[in-house]
Each structure stands twice: as C-alpha cells, then as structure tokens.
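With the model open in your viewer, please follow the stops below in order, making each selection before reading on.

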Amino acid sequence: MRKIRYVDALIEALREEMIRDEDIFIIGEDIGPFGGAFKTTLGLYEQFGSERIIDTPISESGIIGTAVGAAATGCRPIAELMFGDFVTVAMDPIVNQAAKMRYMFGGKLKLPLVIKTNYGSGRSAAAQHSQSLYGWFTNVPGLKVVLPSTPYDAKGLLKTAIRDDNPVLFFEHKLLYTVTGEVPEEEYTIPFGVADIKRAGRDVTIVATGYMVTKSLQAAEELAKEGIDAEVIDPRTLVPLDKATIIQSVKKTGRLVIVDEGHKTGGITGELAAIVVEEAFDYLDAPVQRLGSLDVPVPFSPSLEKIFAPSEKDIIAAVKKIC
Amino acid sequence: MATELIMPKLGLTMTEGTIVNWLKKEGENVTEGEPLVEILSDKSNFELEAPETGVLLKVFYQDGAVVPVVQVIAYIGQPGEKIEKVLAVPATTQDENTEKKEVPKIKISPRAKKLAQEQGIDYQVIIATGPDGRIIEGDVKKYLESMAKVKTTSTARKVAEDMGIAIEQVVGTGVSGRIYKEDVLKSIKEIPTKQEEALKEIPYTGIRKLVGDRLSSSKFSAPHVYFTVDVDMTRIIEAREKLKSLGAKTSLTDFIVLASARALTKYPNFNASLLEDKIFHHKQINIGVAVATEYGLIVPVVKNVQAKSLSQISMESVDLIERARTSRLQIEEYKGGTFTISNLGMAGIDNFTAIINPPEAAILAVSRVQKKPVFDEASEQFVAKPMMTITLSADHRVNDGWEAALFVTTIQKYLEEPLSLL
C-alpha cells in the first residue's frame, strides 16, 4: 500500500469530501493562499477558490459563530482553529450553541459542523500554543471528540466527521503531521466509537490517545524485548467511546496503563480508569496506572518540555510497576 | 540469641488470638515444654508451651490483649541477654469495639481474590510476589499448582527419576505425606516402573465413575466426623426369632432402618441437606440401603419410613433389594434418599466408616454381629453377648458432635430395647 503523510491524508479527505458535496466549505485563519499554519489546507484554495476556502481575520469567536450559523442553515462548514489553545475564545458558540441547538430545537435542525484544530506539546511553542484541551469537550453532551493517531485513521475519521450531522471536534497532534503511514487510495471511512487495537498482547493493556499511541507502541516494542507482551488500544474517538474493547482487553490482561497528553488531574485518564474499575473490577490484577501531563503550564524550555508529557520511558516504568 | 515466642496460627481461618492469661511473669525462669501462656483462638483455648529453657525476658502483650497471628508476643533467653527491638503491633482488648481490631491487611488484587474465592482457597496462606507485596493472580495459580503437586524432597525426586519410578505412586511417610528418598527405595519392589504396562486396564466410566465422582466430591467437600458405638443385639435377635416363629421374616437391617427413622424424627439435623447457603430439614424420612451388586453399588430407597411399620419396611426392602440385585429398579426407587444405611455385616466386617451419600447429612455404617465379652454390672462378671458396631458419619457443616453423639446413642437404645420401637 502507498505511504503518505498524516497532513496529506487530511488534505486528501478534505478534497475528496469537498468534491463530493458542494455544501462543504472551510473557514479559518491563513488557510487560503498560505495553505494553513501547519499546511493543512495546502492546495485547496487553488482548487476550490475563495468562496469555499474562506480566510478570516484573527477572530476565533467569529469563525466558530459563523460556522455554527452556516451549519444550522444548511451548509456543512469545517472551521479551523490555528491552535487548539484558541478554542477558549470560542467557548460560547461551541458549548452553548453548537452542542445544544439540535437538542433545544427538538431535532428540527441538523448541525453538521467540524471544528478542526491541533494540540499538544513538543515543538517549544510555549504555554499558550501547546495545550491538550480536548478532554474539556468530553464533558459537554452534544459534542463528539476525535483524536486520530495515524494517517489512515486521520483520513477515515475526518470523512466520517464531515458526514456527521452533529458537531465534531477534530484534534490533530502537531508532531503527527509529518508522520507517514499506509493509506489506501480507494474510498473508506472509519466509524466513530470503534477503538483500534494497535498492537495485540496478553500481559498488560495500554490505552493511549493521539500521539501517545506512537509513544506507547515504541514502549511496547521495548517491553517485548524483556518478555512483557503489551496490548495497545487506541480509542480513536473519546466521544463516543468504545468501552467494550477496553474492558474486554482488561479482562484478558488484568492490568491497565492509561496514557494521555492532557493534564492528569480532572482529565481523560481518570474517566477511563473509573470506567474499568466500575465495570471490570474483579478482573484487575494490579492498580490502574495513569500517565498524563504534569499539572503545570506547558514549558517553553525544550529540556523542561521533554519531561512535561508522558515519555516512552515513563510508559515502560508504569508497565513494569505492575507487571 | 533470644528466642521469639509468636502468636501461633492454629487454623487457616485464625487471624488473631487473645492472650487469656500469662502463666509466667517477665523475668521468671521457664523450662522447655512448660505451659507459658493461655491463648484463645476463634475455636478453642490452648496453652502455649515454652520452646526452650531460659528466662522469660520480655512480654509485649498483657492478659486480655488481642494479637494478630505470627506477631512476636514474648522473648525467652538467658538472663541479661539483649533482645531485638520489636515494633509491636498495637494490641486491642476485647472490651473495645471490635471494629477497631488491628488485623494486618493482606493486599490482594481483585482478580486474584476472585480466583481464590472460586477455588475456595484461604488467600492468607499465599505468598505474594506482586508490587507492594500484593497477592496477584499468578501467585494464586502457583499456590494451586503447588497444592496439586506431589510433596517430595528433591533427593527423592532425583532418585525416583534415576530409577524410572513414577513418584506420584510412592507413598510418603513424612509430614502431610511428603516423600523421602527411603520411601522411593522402599517402593521399588512394589511399583511397576513407568515403562512397564499395567496387568489390566479398566476404563473408569459408567457406574464406577458415577459412584467414584459423587463420593470423592462428598468426602472432599463435607467434613466428615465419625461416632462409633457397640450395640447389644440380644433383644433384637430374640425378637427376630419370635417373629420368624410367627411366620414373619425380618432382617436386622429392617430393625436398623426403623430405629434410624425413629431417631431421625427426634434429630432432624441428620435428615437434612446443605444446599448452597441453606440447610433443609426434610419432611419425609427416606432411608437408602446400600446394596452391593455385580454392577456396582446401588442404594434403593425406602420412602416415608416415619409412617411405616416394621413389616411394611421389611416387605418393601426385600422387594427393592431383590430388584436392585437384578438391575430392575426404577430411577425414582433409588432417588430422593435423606439418610443412608450401609450394612457390611454379612461380609464379616468388625467396624468401618462410610462416606456420606450427597446431599444427605449422615450415613450409618453397620458391621457384623459377633459374641463379645461384656462386663455385666449386676453379676460383676464378663458375659458373652451378641454385639454389633455401628459408626455414624456426619457432615460437620450441618450438625455438631454433641448432637451426633446423642443421635447415634439413640439408635443404639432403640436397638437394645426393640419394644421401645413399637
């Protein structure tokens, strides 16, 4: 199979969907002739023009507000935020409008909106451009939250997000854009709520999200050398969440390590751990281990940033602690 | 070095013991084997003896203290000897709220705990290898394996291997059947080597397997306790002769069935079944009589014995036993028993114990009648009397020893005075 970059898989999904459906447009900052701050819309302006690839001033609240209105009135907008951190400026249209409208209007309107942005540390982009805030939106019913970890998942999940009639928040990790992976040339989509077992194993279950899947797979290879056979599960979508695959794996291995780049306190790792303790308590052979980013702002200094998020070493240590 | 005296673990379920009374004071001389302290476990009282001669150097817990098992409670040594520092676990006294008792918490993973519970293992005896000293699933599995394994010394295993002997077949003479080298050597002549073929192979199937599996499950799940009494059969034999002369044929077993039924009416705990978490007392008294047939052991059941006369019991038994021998019993005729009698008197057995027929709660083993010298109080002389030994096997989960003793002696009294059966 051909191998392409994560970012190219995303652009391919956008292009194919925009050709398929004329109601789709993209709105955001520097996404036109510039091709996006992370080149995530490169070449689309030339193909679809300024009416469907809309450059805006620095106005995140306006971008999302416009997109919500357009979605409610029949378009299928894709709103891009240059950095996931800027979502704070647009919280009201997301949380109080997008997430609620379909429910409050008794299902009389659809809200086919994709909010596409990036997240994560590792590029020395400092505290206001490196956060992993997707966990917040799992606490707002009405929003779907997607975290693709490979080029294949990125394309398949983005297509599903665009075709969904509800608001979807789509989070891409900055360090994944240039990663290559197998992506078929033929059409495919990946359903939401279906976790992917990225590596099968029998000794310990590692549930990892986004870029942490990569780290966990590397850790699993190291652990295999020492005779520990780790299973790595990528939920792919946090909302809806595929609990069954996680629980089934824990029933098999009896051990669980959860790795997520969000802050440990009040984040995704706690939610996942609670689910397993509630539903598979009798199958646990060791305390659940959670790895999240440290509870500090993301440091600018590369040497400090390195220890901020869970590393391959941290994952290996957590596994060994319970194996 | 001073010797530790620890709170002993007297049973799998014992987690702590109470110091009732120190029989020696700190500083007093003690001799090896001398009672030192009185301990109360969850089941009984006993005296802990001094493990060696010396001075009771230090006592950590006073009378009334509740102490976790294996905790050091005192030191014995030579006068003036220094003792190791002991971090005494704070003791609680019995008058305190029981919830406050300091029992060392055993760490065990939920997965391991579930497995231990399913296998009916007391996990307190399992060695933990998990993180932070926690018992994990693997530890429980290892324990189960070790239980299943033959207990042997490594030398014995080596010798057996060298000689080509199947070690599982060697009878161990050590503690809890541990096999020593001598046992292996002794068995060389008796046990066929691994390569040698058996004389004849009989498949373990059908009635053999049915009976075998049921009885092993009974023996291994129901704790059996045994109660034996000798019964003076003089009057029964007289009664039987009299009935015979009147044309009524009765067997000794018929009398025993009737006597058992009368005793069961008084002691319903033996006409009972333990199922799941409840003990059921049966309304009917249905007595099974074990019959040896060429097809194996069959236990036809005389139903509703409490409502039947001796002649009715006798007639039914003759018919049932005859049809059992010729394999013509209906299924319901050997089902529904609530108590069983196994009579091996005809085989010339002096005494034996029987395995309870599940889900019943007791079984009566009956041996032969033979004349024995019995001391007669009235004439102050030994006189020859026809004596018969009966042994009750009772399920200790359902009933206690005292009641079982009363029950079996009640049967004895009925048999010794058959008029009381009327």
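In this predicted model, start by selecting the surroundings of helix α4 of chain A, where the cover over its buried residues includes α3 (60-72) and β5 (114-119) of chain A. The residues of α4(A) that count as buried are P93(A), I94(A), Q97(A), A98(A), A99(A) and M101(A), and colouring them separately will help with what follows.

Now show the backbone of α4(A) itself, residues 91-104, a run of 14 residues that reaches 18 Å from its first C-alpha to its last, close to the 20 Å expected at 1.5 Å a residue. Where along this helix should you look for a bend? The place is Q97(A), at which α4(A) bends by about 25°, and Q97(A) is also one of the buried residues of the helix. If you continue just past the end of α4(A), you reach G106(A), whose phi is positive, at about 60°.

Keep α4(A) on screen and add α3(A), so that the two helices can be viewed as a pair. Their axes come within 10 Å and cross at roughly 10°, and because angles under 35 degrees count as roughly parallel, α3(A) is described as roughly parallel to α4(A). On the α3(A) side the contact is made by S61(A), I64(A), G65(A), V68(A) and A72(A), while α4(A) contributes P93(A), I94(A), Q97(A), A98(A) and M101(A). Sorted by class, the residues of this contact comprise seven nonpolar and three polar ones, with no charged residue.

The next selection is helix α7 of chain A, residues 211-225, which has 15 residues and spans 23 Å from first C-alpha to last, close to the 21 Å expected at 1.5 Å a residue. Its buried residues are Y211(A), M212(A), V213(A), T214(A), K215(A), S216(A), A219(A), A220(A) and L223(A). Which elements do they pack against? To see them, add the strands β7 (168-173), β9 (196-199), β10 (204-208), β11 (230-234) and β13 (256-263), together with helix α11 (312-322), all of chain A. Just after α7(A), G227(A) has a positive phi of about 90°.

Three loop positions in chain A deserve a look at their backbone geometry. Select K39(A), which sits in the loop between β2 (24-28) and α2 (44-48) of chain A, and note that its phi is near 55°, a positive value in a residue other than glycine. K39(A) has 17 other C-beta atoms within 10 Å and is partly exposed. Then move to A126(A), in the loop between β5 and α5 (134-137) of chain A, where phi is near 70°, again a positive value in a residue other than glycine. A126(A) counts as partly exposed, with 15 C-beta neighbours inside 10 Å. Finally, go to P240(A), in the loop between β12 (237-239) and α8 (243-253) of chain A, and inspect the bond joining V239(A) to P240(A), a cis peptide bond with omega of about -5°.

Before crossing to the other chain, display where the two meet: nine residues of chain A are in contact with nine residues of chain B. The side of chain A that touches chain B consists of five nonpolar, one polar and three charged residues.

Now bring up chain B as a whole, whose secondary structure comes to nine helices and 19 strands. Of its 422 residues, 28% count as buried, and among the contacts in chain B with a separation of 6 or more, 61% are between residues 24 or more positions apart.

Within chain B, select M14(B), in the loop between β1 (3-6) and β2 (16-22). Is M14(B) buried or partly exposed? With 16 other C-beta atoms within 10 Å, M14(B) is partly exposed. The C-alpha atoms of M14(B) and S41(B) are separated by 6.9 Å, although the two residues are 27 apart along the chain.

For a contrasting environment, turn to I287(B), in strand β13 (residues 287-289) of chain B, which counts as buried with 31 C-beta neighbours inside 10 Å. Leaving aside residues up to four places away in sequence, I287(B) touches V257(B), S260(B), A261(B), V301(B), V302(B), V305(B), G337(B), F339(B) and I341(B).

The tour ends at P359(B), in the loop between β17 (339-343) and β18 (362-376) of chain B, where a cis peptide bond joins P358(B) and P359(B) with omega of about 5°.

How values were computed. Residues numbered from 1 in each chain as written. Chains lettered and ligands numbered in written order. Predicted model: local features only at pLDDT ≥ 70, side-chain atom pairs only at ≥ 80, totals over all residues. Helix = DSSP H or I, 4+ residues; strand = E, 2+ residues; numbered from the N terminus. Expected span 1.5 Å × (residues − 1). Bend = angle between axes of the 7 residues up to and from the residue. Buried ≥ 20, exposed ≤ 12 C-beta atoms within 10 Å, placed from the backbone. Contact = placed C-beta atoms within 7 Å. Axes fitted to C-alpha atoms, helices over the stretch in contact; angles between N-to-C directions. Parallel < 35°, antiparallel > 145°, perpendicular 65-115°, else oblique. Nonpolar A, V, L, I, M, F, W, Y, C, P; charged D, E, K, R; others polar.
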